[in-house]
Amino acid sequence: GKVYQQLLSPGNGIAADNLNIGSGRSDVMTTQVRPSLKRRIGNRLNFDLSYSESRVNYDSISSGVADARLQNTNFTLGNSRRSSKLEWQINYSDSRHWSGETVSLDQEQSAAKLHYMLFDHLGLVVNGGRESGQLSSLNSYNSGSYWSAGFTWQPTPSFSFETASGDKDQQASIVWSPTVRTSLNAHYVNRDVGIRPSSSWNGSFNFRTRRTLWTLSHSVTITNDAVQAVVGYNDVQVFSQTGDPVYTEQNKVLVVQQALLGIVNEHYLRQSNQGVFSWTGRRNTLSLGANSDQRHYELSGREAQLHGGFIGWFLKLSPRTSSDLQYSVNRSTGSTIVNETQTKSLVWSFARALGKHITTGLELRSVEVDGSTIALSHGEKRISANAKVDF
């Protein structure tokens, strides 16, 4: 769990203490419990069951803030004998998210996959599943079942191709590793059920040398964030330092529009591209990267693009002590000027293992957000200490 303070209204003043209810801040507590069970049943079956419950509670009277609760259940069952001609796996997941007293997401998914090798290099593949649920920000959720069937072909240990087509589901994937240091993976799916039925593909390319690693990746996912977002606007009359109203050249009272910010749990479709270069020495790892995101938010319907890069330096000071320094710059643009922001983040963390099961750490964080308006610009400086105990 974590306890920290969240800035709610960057455009307003911040009190020096927590006694003023108009301080523009809220105490936030996050907790998570995640028990899991993994077992091998005999020599043939693998069993995996996990459950997690997370909560976010805000100590604030602001109408834009709502407590959140998340429940996730995951179950996997499959065979454990990879040398068998028949391989199969069954997956089930159930996710429920609450925003205050309202269910913002209720999603249930079940899927099964079967591989049967007819010959040494050619086999059959069958996929099937069902999705159902509701999303408060959408008028409808495309619930339903799907299935597909096809073949898998692996002429060499370094190359495999798989394709399947059927009712409401088409899939294709390729895996290619021409050398032990080079690999290419790509997967395409077109499914007519779920939150946002559409065609998408995910892929990655890796090239490794003795000291370096080059990675390129593309992914399409549907996710959600509890983000600080504009939930409305308020007209504010402008006064001078002497308390007198300020007038425009047309002799009208000057009124500015102030953005009202709150914590919003919003789902969005994310198309992400990333390139990373890493160099590893005896005690150092230097990383450079660039990223590009396209996001479609379901609740507001707005589109956003995010471009940026980062640099990181990891240093192993001793077998039990390490230091990690990260600096990133990201620029987000949307359909309106209000959505344009630039975020600079500098994070330094220090970790030390006190024993086999206890790790302590210290983190310094500085974040600067430059928005298109004063109300959307703010900064944050934080120092935190933590301890992790493994049982």
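What share of the contacts in the protein with a separation of 6 or more is accounted for by residues 24 or more positions apart? The share is 44%, where a contact means heavy atoms within 4.5 Å.

This is a predicted model, in which local features need pLDDT of at least 70 and side-chain atom pairs count only at pLDDT 80 or more, while totals for chains, interfaces and linings use all residues. Residues are numbered from 1 along each chain as its sequence is written, and side-chain values use heavy atoms, with hydrogens and water left out.

**Figure 1. Overview of the protein and of model confidence.** The secondary structure comes to zero helices and 21 strands; helices (H or I, at least four residues) and strands (E, at least two) are DSSP runs, numbered from the N terminus. Of the 391 residues, 27% count as buried, buried being under 20% relative accessible area, exposed over 50% and partly exposed in between (1.4 Å probe, protein chains only). The accessible surface comes to about 24,100 Å², and 54% of this surface belongs to carbon and sulfur atoms. Accessible areas come from the Shrake-Rupley method with a 1.4 Å probe, and for residues only the protein chains shown count as cover. The mean pLDDT is 80, with 73% of the residues reaching 70 or more; pLDDT is the predictor's confidence in each residue, from 0 to 100. Over residues 10-22 pLDDT stays under 50, and the model has 22 contacts beyond four places in sequence for this segment.

**Figure 2. The second largest pocket and its lining.** About 1,100 Å³ of space lies in this pocket. On a 1 Å grid over the protein atoms alone, a pocket is an open set of points with protein on both sides within 12 Å along at least five of seven lines, whereas a cavity is a set of points where a 1.4 Å probe fits but cannot get out; lining residues have an atom within 4 Å of a point. Grid points are joined across faces, edges and corners, and a volume is the space filled by probe spheres set on the points. The pocket is lined by 41 residues, and Q109, E131, Y146, V189 and R191 lie nearest its centre. At least two lining residues come from each of β5 (68-79), β6 (86-99), β7 (102-117), β8 (122-135), β12 (182-191), β13 (198-208), β14 (212-237) and β15 (255-280). The largest share, seven residues, is supplied by β7. By class, the lining has 13 nonpolar, 23 polar and five charged residues. Ala, Val, Leu, Ile, Met, Phe, Trp, Tyr, Cys and Pro count as nonpolar, Asp, Glu, Lys and Arg as charged, and the others, Gly among them, as polar.

**Figure 3. Surroundings of S52 in strand β4.** Strand β4 covers residues 45-59. S52 counts as buried because its relative accessibility is 8%. Not counting residues up to four places away in sequence, S52 touches V33, R34, L70, Q71 and N72.

**Figure 4. Surroundings of W201 in strand β13.** W201 counts as partly exposed, since its relative accessibility is 44%. Residues up to four places away in sequence aside, W201 touches H187, Y188, H218, S219 and V220. From C-alpha to C-alpha, W201 and V220 are 6.6 Å apart in space, and they are 19 residues apart in sequence.

**Figure 5. Two lysines in loops.** K85 lies in the loop between β5 and β6. Beyond residues up to four places away in sequence, K85 touches H115, Y116 and M117. K85 and D120 are 35 residues apart in sequence, with 9.3 Å between their C-alpha atoms. K168 is found in the loop between β10 (159-167) and β11 (169-179). K168 has a positive phi of about 65° although it is not a glycine. Most residues other than glycine have a negative phi. With a relative accessible area of 32%, K168 is partly exposed.

**Figure 6. W348 and S349 in strand β19.** Strand β19 spans residues 341-353. W348 is partly exposed at 27% relative accessibility, and S349 is partly exposed with a relative accessible area of 23%. Leaving aside neighbours within four places in sequence, W348 is in contact with S323, D324, L325, L362, E363 and L364. On the same basis, S349 is in contact with S322, S323, D324, L362 and E363. The C-alpha atoms of W348 and Y327, 21 residues apart in sequence, are 8.8 Å apart. S349 and Q326 are 23 residues apart along the chain, and their C-alpha atoms are separated by 8.8 Å.
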